[in-house]
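Subject: A structure for you to look through

Hello,

I am handing over the structure we talked about, so please open it and keep it beside this email while you read. Take your time with it.

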Amino acid sequence: ENMDPKTTTILDIGCGNGISCISFALEGFQVIAVEPDPSDTIGAGAIRKLKEHYQLNNIEILESYAEDIKFDSNSFDVVYVRQAMHHANDLTKFTGECGRVVKNGGLLLTIRDHVIFDVKDKEWFLESHPLHKFYGGENAYKPEEYESAIKNAGMTITHKLKFYDSVINYFPVTTEELESKEKQELENIKQQLTNKIGLFSNLPFALSWFKNRLNFPNYLYDEKMTPGRMYSYISVKK
């Protein structure tokens, strides 16, 4: 709403049990929730329960895949996709439908999608995923694949948020936890320096030189050390 105060209609695609779409509806937006899973715990059934619980009349629920939505073109102010684009059966068609139904000047928000850089990286991600071995269905794409699909859908990417660019992506880790980790690592570096050169470690240039040699703090924020790290994109239809 801060980015476009005229926003009234939101299409939430792949909304699971309704975490986002119910929040949007409670804020007064007109919402259509698209979720293919009919489940009462993690799918459309759960959203219906929440809609009834909060007595909301400004949200509709459609059990469908993004590739198959039948809404008119230029229908929504915002298309919101949270942790769903990487599940696309056909990424180009998925984003193409998102771009088609958003209004000119409207926003496509794709939030927390898993990113891989090559085949081995994808294998590592799938092996590391805590639930994939039980139900399958997890997937990920390269950044250039997401970006090409979004652009081919007629959208212009205005913000690309890599993993450590926003707490939106690295949650449930908090910013405070990252800062604490950095402080602790700096204390470790100081101790290493003291062990190496003793009292000379107190010289003004010594710590700075040693930090540069170790490439601190860059190595702490190497997203390639996290399997299936997440990216988010903000795009506008022009």
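Below is what was found in it, from the whole protein down to single residues.

**The whole protein**

Please keep in mind that this is a predicted model. The protein has 238 residues, and 44% of them count as buried. Its C-alpha trace spans about 70 × 40 × 40 Å along the principal axes. You will find nine helices and seven strands as you follow the chain.

Contacts in the protein often link distant parts of the sequence: of those with a separation of 6 or more, 74% are between residues 24 or more positions apart. On the outside, the protein exposes about 13500 Å², and 52% of this comes from carbon and sulfur atoms. As for charge, there are 27 positive and 34 negative side chains, and the centres of the two sets lie 5 Å apart.

**The sheet**

In what order do the strands of the open sheet lie? The order is β3-β2-β1-β4-β5-β7-β6, and the pairing is mixed. At the edges are β3 and β6 (155–161), each of which pairs on one side only. On average, neighbouring strands of this sheet are turned by 15° against each other, if direction is ignored.

A little background may help here. Strands of a sheet pair through backbone hydrogen bonds, and they can do so in a parallel or an antiparallel way. Both kinds can be found in this sheet. β1 and β2 run parallel and are joined by five bridges; here Asp12 stands opposite Ala33 in β2. Helix α2 packs on the sheet, where it touches β2 and β3, and its direction makes about 160° with that of β3.

For the antiparallel kind, look at β7 (residues 230–237). Six bridges join β7 to β5 (residues 102–114), and these two strands run antiparallel. β6 and β7 also run antiparallel, again with six bridges. Try finding Ser235 in β7: Leu108 stands opposite this residue, and Ser235 is also the bridge partner of Ile157.

How many of the eight residues of β7 are buried? Eight of the eight are, so the strand is mostly covered, buried here meaning under 20% relative accessible area. In a regular strand the side chains alternate between the two faces of the sheet. You can see this in β7, where Met230, Ser232, Ile234 and Val236 point one way, while Tyr231, Tyr233, Ser235 and Lys237 point the other way.

**Helix α1 and its neighbours**

Next, go to helix α1, which covers residues 19–26. Its buried residues are Ser20, Cys21, Ile22, Phe24 and Ala25. What do they pack against? Their partners are the strands β1 (9–13), β2 (30–34), β3 (59–62) and β4 (76–82), together with helix α2 (44–53). Just after α1 comes Gly28, with a positive phi of about 100°.

**Prolines to visit**

Pro36 sits in the loop between β2 and α2. With a relative accessible area of 29%, Pro36 is partly exposed. Leaving aside residues up to four places away in sequence, Pro36 touches Glu63, Ser64 and Tyr65. Ala66 is 30 residues from Pro36 along the chain, yet their C-alpha atoms are separated by 8.6 Å.

Two other prolines follow cis peptide bonds. One such bond joins Phe171 and Pro172, with omega about 15°; Pro172 lies in the loop between α7 (167–170) and α8 (175–197). The bond from Phe216 to Pro217 is cis as well, with omega near 0°, and Pro217 belongs to the loop between α9 (204–214) and β7.

**Positive phi outside glycine**

Two residues that are not glycine also deserve a look. Gln83 has a positive phi of about 50°. Its place is in the loop between β4 and α3 (91–101), and Gln83 is partly exposed, at 24% relative accessible area.

The other is Asn215, whose phi is near 60°. Asn215 is found in the loop between α9 and β7. Is Asn215 buried or partly exposed? Its relative accessibility is 40%, and Asn215 therefore counts as partly exposed.

Enjoy exploring the model, and write back with any questions.

Best wishes

Conventions. Residues numbered from 1 in each chain as written. Predicted model: local features only at pLDDT ≥ 70, side-chain atom pairs only at ≥ 80, totals over all residues. Heavy atoms only, no water. Helix = DSSP H or I, 4+ residues; strand = E, 2+ residues; numbered from the N terminus. Buried < 20%, exposed > 50% of the residue type's maximum accessible area, 1.4 Å probe, protein only. Contact = heavy atoms within 4.5 Å. Areas by Shrake-Rupley, 256 points an atom, 1.4 Å probe, with all protein chains shown as cover. Lys, Arg positive; Asp, Glu negative; His and termini not counted. Charge placed at Lys NZ, Arg CZ, Asp CG, Glu CD. Pairing = 2+ DSSP bridges. Axes fitted to C-alpha atoms, helices over the stretch in contact; angles between N-to-C directions.
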